[in-house]
Amino acid sequence: MTKYQVVTDKSLLLKTNNTEKYIVGIDPEDETQVMEVWIKDISFLDIQGAAQRMFNVSNKGNVELNLEGYYHYAFGNWITKTNPALTRGEIAKLKGHIGNEISKLLPKPNELMEALEGSFTKPSE
């Protein structure tokens, strides 16, 4: 029989308030041009919030995938700071290449679906 031990350190259960800084290239032709992006530790409820934006359910029960909704939520809620400093509105207007580079730092939509099925994943590196 397996003997269980209830943890006493609550920090093992809770997401941290930490953010991780990443360097993101802004010009594929010039690797010296970069910006800094801080992404927060993502909780279970963060994943649920993103899922609500990623799936559109009609009155008839049809489900449609909404990647724009997912990435709008992820960029708006998980990016905590940038250098140079950008507003949420400016983050939504990033050039395609830059947005793609930042999206590589966030959980992918398929990882979100896995998380909803019980396999919580961390942002890819």
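Here a colleague asks how the labels for this structure were arrived at, and a modeller answers.

Colleague: What kind of model is this, and what are the ground rules?

Modeller: It's a predicted model, where local features need pLDDT of at least 70 and side-chain atom pairs count only at pLDDT 80 or more, while totals for chains, interfaces and linings use all residues. Residues are numbered from 1 along each chain as its sequence is written, and side-chain values use heavy atoms, with hydrogens and water left out.

Colleague: Let's start with threonine 82. Why is it called buried or exposed?

Modeller: Buried means under 20% relative accessible area, exposed means over 50%, and partly exposed is in between (1.4 Å probe, protein chains only). Threonine 82 comes in at 8%, so it counts as buried. It sits in strand 5, residues 79–83. Strands here are DSSP runs of E with at least two residues, helices are runs of H or I with at least four, and both are numbered from the N terminus.

Colleague: What does threonine 82 touch?

Modeller: Leaving aside neighbours within four places in sequence, Met35, Glu36, Val37, Trp38 and Ile91. Contact means heavy atoms within 4.5 Å.

Colleague: And how do you know that threonine 82 has a polar partner in proline 84?

Modeller: A polar contact is a pair of N or O atoms within 3.5 Å; within protein, one must be able to donate a hydrogen and the other to accept it, and residues adjacent in sequence count only if both atoms are side-chain atoms. A polar side-chain atom of threonine 82 lies 2.7 Å from the backbone oxygen of proline 84. Proline 84 itself is in the loop between strand 5 and helix 3 (88–91).

Colleague: What makes the link between asparagine 83 and proline 84 stand out?

Modeller: That peptide bond is cis, with omega about 10°. Most peptide bonds are trans.

Colleague: Now glutamate 36. What makes its pairing with lysine 21 a salt bridge?

Modeller: The rule asks for a side-chain nitrogen of Lys or Arg within 4 Å of a carboxyl oxygen of Asp or Glu. Here the closest N and O atoms are 3.1 Å apart, and the pair passes. Lysine 21 lies in strand 1 and glutamate 36 in strand 2, so the bridge ties together parts that are 15 residues apart in sequence. Glutamate 36 is buried at 18%, whereas lysine 21 is partly exposed at 43%. The side chain of glutamate 36 also makes a polar contact with the side chain of asparagine 83, at 2.8 Å.

Colleague: How many salt bridges does the rule give?

Modeller: Three. Lysine 40 forms one with aspartate 46, at 3.5 Å between the closest N and O atoms. Lysine 40 is partly exposed at 22%, and aspartate 46 is buried at 9%. Glutamate 101 and lysine 104 meet in another, at 3.1 Å from N to O. Glutamate 101 has 24% and is therefore partly exposed; lysine 104, at 40%, is partly exposed too.

Colleague: Which residue caps the N-terminal end of helix 1, and how do you know?

Modeller: Serine 43: one of its side-chain oxygens lies 3.3 Å from the backbone nitrogen of leucine 45. The buried residues of helix 1 include Asp46, Ile47 and Met54.

Colleague: What makes something a nonpolar core, and which residues sit in the thick of the largest one?

Modeller: A core is a set of buried Ala, Val, Leu, Ile, Met, Phe, Trp, Tyr and Cys residues joined through side-chain atoms within 4.5 Å. The largest has 22 residues, and Val37, Ile39, Tyr70, Trp78, Ile79, Ile102 and Leu112 touch the most other members. Among the elements that each supply at least two residues are strand 1 (19–25), strand 2 (34–40) and helix 2 (67–78). Helix 2 gives the largest share, five residues.

Colleague: Why is leucine 13 called buried or exposed?

Modeller: Its relative accessibility is 62%, so it counts as exposed. Leucine 13 lies in the segment before strand 1. Val7, Leu12, Leu13 and Leu14 form a nonpolar surface patch, with about 440 Å² of accessible area together. Patches take residues with over 30% relative accessible area and no salt bridge, joining like charges within 9 Å and nonpolar side chains (Val, Leu, Ile, Met, Phe, Trp, Tyr) within 5 Å. The areas come from the Shrake-Rupley method with a 1.4 Å probe, and for residues only the protein chains shown count as cover.

Colleague: And valine 63, buried or exposed?

Modeller: Exposed, because its relative accessibility is 54%. Valine 63 is in strand 4, residues 63–65.
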